[in-house]
Amino acid sequence: TLLNVKSFNNQIIIAGGFDRSIVRSTDSGLSWQIIQTGGVGNLWETEIINDSTAFMCGTDSALLKTTDYGISWQPINTGINLNYWAIDFIDQQIGFIACDSGKILKTIDGGNTWNLINTGFNKHLYRIEALSEMHIVAGGEAVLYTFNGGISWTQSNTGGPVDAMAFINENIGFISAYSQLFMKKTTDGGQSWQSVIIEDIGDYCLTFVNDSIGFNAGLNLVIKKTTDGGNTWNQKIIKDSFLNVWSISEDIAFALGSVLSRGVVYKTTDGGLNWNAALRIEEGGFKSVFFTDSLTGFVGTNNNVRIYKTTDAGETWISKTITGVTNFYEPIYDIYFISKLN
């Protein structure tokens with residue numbers, strides 16, 4: 001099992017995982033070579049320092065360093081036996097590692113030696129963002145921040161533990177948690193957090209390419225992308241079972257999906273390149289769809305005697321109950337209108 005992947009220059013890629021396994025590609029992922037496998041500790045995160053230097057850290061005090069683009073790796077003994085969950089460097093000399101029980105390791109000499117910082121909170125820390133040598137944010141069973149280089153720490157009120165964390169700049173950052181089903185945003189460097197509305201949170205990965213473009217990923221093929229700095233997120237892989245589809249034009253179409261007993265009406269406005277949930281229901285799912293024109297359409301449910309109607313091309317939906325029918329739980333297999341009249 002591989003747990004993390006990073007690239008030196010888009011050509012050379014390294015990935016690490018269980019039992020200190022490391023694989024390497026020199027052709028942008030087309031082919032891979034096993035660099036090493038076996039050993040104590042699972043490698044949870046990689047930090048690229050420069051064009052040739054990188055670190056991998058993991059459980060059971062696993063800490064490795066490469067200076068030749070990932071061809072060879074040397075173990076580093078910090079003298080502190082903890083699980084090393086995440087690593088982040090400010091520059092080539094100053095770096096931090098998030099550990100168990102509120103512990104953080106710091107180096108000021110490029111990883112040759114490490115000193116222990118105790119935050120005072122007995123919480124496991126799975127993520128760390130070193131925004132400057134003075135300003136550090138760590139997350140896991142709690143979110144902690146410091147503005148004085150770790151001399152004192154404060155716990156943020158995030159509403160629960162977090163699985164992933166990423167910052168665009170020193171002020172704006174995001175956290176996500178699959179177990180809590182939330183994504184939250186900070187604009188004050190981690191002191192306070194506001195909810196971001198997003199369906200199907202990705203749990204283990206949250207990263208930004210620049211101020212606008214970012215990705216959120218996790219279990220069950222969840223991959224989401226933002227192009228507006230995290231305000232909205234679009235689903236890139238749809239893993240539902242599809243039951244029906246209706247096309248309004250070359251660009252606009254609707255598809256009926258189902259995950260377990262939940263129903264989703266997906267809409268595309270770019271010919272199927274991207275799909276977003278236009279309507280969700282928690283029970284029954286959807287079975288049929290029919291549009292009388294480019295704005296007005298109907299979807300029939302699977303077993304709860306209900307039809308949903310839109311008059312604005314799927315932006316909003318109104319629930320319609322079939323009257324005069326009792327004890328009827330069969331799917332609405334098809335909808336057809338002879339005219340556009342209600």
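How many of the five residues of strand β14 are buried? The model here is predicted. In it, β14 spans residues 136-140, and five of its five residues are buried.

Look at the two sides of this strand. In a regular strand the side chains alternate between the two faces of the sheet. Ile136, Ala138 and Gly140 lie on one side of β14, and these residues are buried. Val137 and Gly139 lie on the other side, and they are buried too. Both faces of β14 are therefore covered, since buried means under 20% relative accessible area.

Now find the partners of β14. Strand β13 covers residues 125-130 and runs antiparallel to β14, with five bridges joining the two. One pairing to locate is Ala130 with Ile136. Five residues sit between β13 and β14, and the two strands form a hairpin. Next comes strand β15, residues 143-146. Four bridges join β14 to β15, again antiparallel. Here Gly139 has Val143 as its bridge partner. This hairpin has two residues between its strands.

Go back to Ala130. Its backbone nitrogen lies 2.7 Å from a polar side-chain atom of Asp88. Asp88 belongs to strand β9, residues 84-89. Beyond its neighbours within four places in sequence, Asp88 is in contact with Ile128, Glu129 and Ala130, among others. Its contacts also include Glu47, Gly95 and Phe96.

Which side chain of opposite charge is nearest to Asp88? That is Lys6, 7.3 Å away. A salt bridge needs the charged atoms within 4 Å, so Asp88 is buried yet has no salt bridge.

Methods
Residues numbered from 1 in each chain as written. Predicted model: local features only at pLDDT ≥ 70, side-chain atom pairs only at ≥ 80, totals over all residues. Heavy atoms only, no water. Buried < 20%, exposed > 50% of the residue type's maximum accessible area, 1.4 Å probe, protein only. Lys, Arg positive; Asp, Glu negative; His and termini not counted. Polar contact = N/O pair within 3.5 Å; in protein donor to acceptor, adjacent residues only side chain to side chain. Contact = heavy atoms within 4.5 Å. Pairing = 2+ DSSP bridges.
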